[in-house]
Amino acid sequence: MTAPRVLVLRALGLGDLLAGVPALRALRRGFPDHEVVLAAPAVLAPVALESGAVDRLLPASAAGRAVPSTLDWTGPPPDLAVDLHGNGPPSHRLLQTLRPARLFAFAHPDTPEIEGPPWRRDEHERDRWCRLLRYYGLDADPADLRLPRPGTPSPAPGAVVLHPGAGAPARCWPVERYATVAAALRTRGLRVVATGGPGEDDLVARLAKEARLPDTDVFSGGLPFPRLSAIVAGARAVVSGDTGIAHLAVAHATPTVTLFGPVPPRHWGPPPHPRHIALWHGPEGDPHARRPDPALLRITPDEVLDALHRLPAPEEPAP
């Protein structure tokens, strides 16, 4: 007999998926006999499976964080569809085309047939999706976001990881400032490595050149998730903008200094803890702008270096 199925739509990026892990785990606990299928970009399959909350990934994506036009769903309709993608109605209607027995989603005036909780704009991403599931009676904990340690060793244990890229130019702190931070750390005897996602090779190359990093300390080209996860889990600290690697570091309890702008940390920042420092000067800006946000540019290399100095040591791996 085929197991009942839960289909979850969150066809976004790495940081989005990691911010959604607490909600996914709530679904896993709430529907232990169901197959949990996550509709998300195929590249995120290793992350989804690592969470322990997803049985299978259904490849789904669209340009510019949009709602996919279709889902390659086969077989009977889902017993439950869950919209963790947005506030609809496009995402609501995409799931409705599959005729699920039940649909969990936020309320929207253009889809009045869905009885869900109201959407709140000024809410942290982890809290938002947990609140959605609590409305439907599930026990969801926004702090349930840790990932197991990688099974492979880091190629750069104890290094400070600098990640200059982000999903939009508005969230990219200038490369020359990262290079200043790298140079200062190296004079203190610390190893510094640079990482980058797909399409960020030029940024990483500029950082490596300006900071005079050896080739062994440059990890560009969009690393496979197991390798990136190992680097982050074994790092002394991660310095980045508001992007996926910052969420990955939080999931591994690696100390972070995250540079925020134009979106404030109250929406996407790390949970309160001494090992996570969010730098933010405000005000909010345009997350889709084609140049670094003015709030982000107010952060100086000296602030980043001071924050790194204040971080506690990384947690020791569990035996």
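How much space lies in the second largest cavity? In this predicted model, that cavity holds about 50 Å³ of space, and a good way to find it is to select the residues of its lining, which are Leu 18, Ala 19, Arg 126, Leu 145, His 247, Val 250 and Ala 251. The elements that give two or more residues to this lining are helix 1 and helix 9, and of these it is helix 9 that gives the most, with three residues. Coloured by class, the lining of the second largest cavity divides into five nonpolar residues, one polar and one charged.

Keep helix 9 selected and turn next to the largest cavity, one of two cavities of 30 Å³ or more that a search of the whole structure finds. About 60 Å³ of space lies in the largest cavity, and to display its lining, select Asp 242, Thr 243, Ala 246, His 247, Val 250, Thr 256, Thr 258, Phe 260, Trp 268, Gly 269 and Pro 270. Two elements, helix 9 (244-251) and strand 10 (256-259), give two or more residues each to this lining, with the largest share, three residues, coming from helix 9. By class, the lining of the largest cavity has five nonpolar, five polar and one charged residues. His 247 and Val 250 appear in the lining of the largest cavity and again in that of the second largest cavity, so leave both displayed while moving between the two views.From the cavities, go on to the second largest pocket, where about 220 Å³ of space lies. Among the 13 residues that line this pocket, those closest to its centre are Leu 190, Arg 236, Leu 308, His 309 and Leu 311, and selecting these five will centre the view on the pocket. The full lining of the second largest pocket divides into 10 nonpolar residues, one polar and two charged.

The remaining stops are salt bridges, of which a search of the whole structure finds 15. Select Asp 16 and Arg 65, whose side chains meet in a salt bridge with an N to O distance of 2.7 Å. Asp 16 lies in helix 1 (residues 14-19), whereas Arg 65 lies in the loop between strand 3 (56-59) and strand 4 (80-83), so the pair ties together parts that are 49 residues apart in sequence. The two partners differ in burial, as Asp 16 is buried, with a relative accessible area of 5%, while Arg 65 is partly exposed, with a relative accessible area of 47%.

Next, select Arg 266 and Asp 122, where the side chains meet in a salt bridge of 2.9 Å, N to O. This pair links distant parts of the chain, with Arg 266 in helix 10 (residues 265-268) and Asp 122 in the loop between strand 5 (103-104) and helix 5 (125-135), 144 residues apart. Here Arg 266 is partly exposed, with a relative accessible area of 44%, and Asp 122 is exposed, with a relative accessible area of 52%.

For the last stop, select Glu 125 and Arg 128, whose side chains meet in a salt bridge of 2.8 Å, N to O. Both residues lie in helix 5, three residues apart, which is about one turn of the helix. Glu 125 counts as buried at 8% relative accessibility, and Arg 128 is also buried, with a relative accessible area of 5%. To widen the view, add Arg 10, Glu 123 and Arg 131 to the selection, since salt bridges that share partners join these residues with Glu 125 and Arg 128 into one network.

Definitions and conventions: Residues numbered from 1 in each chain as written. Predicted model: local features only at pLDDT ≥ 70, side-chain atom pairs only at ≥ 80, totals over all residues. Heavy atoms only, no water. 1 Å grid on protein atoms, 1.4 Å probe; cavity = no way out; pocket = protein on both sides within 12 Å on 5 of 7 lines; lining within 4 Å. Points joined across faces, edges and corners; volume = space filled by probe spheres on them. Nonpolar A, V, L, I, M, F, W, Y, C, P; charged D, E, K, R; others polar. Salt bridge = Lys/Arg side-chain N within 4 Å of Asp/Glu carboxyl O. Helix = DSSP H or I, 4+ residues; strand = E, 2+ residues; numbered from the N terminus. Buried < 20%, exposed > 50% of the residue type's maximum accessible area, 1.4 Å probe, protein only.
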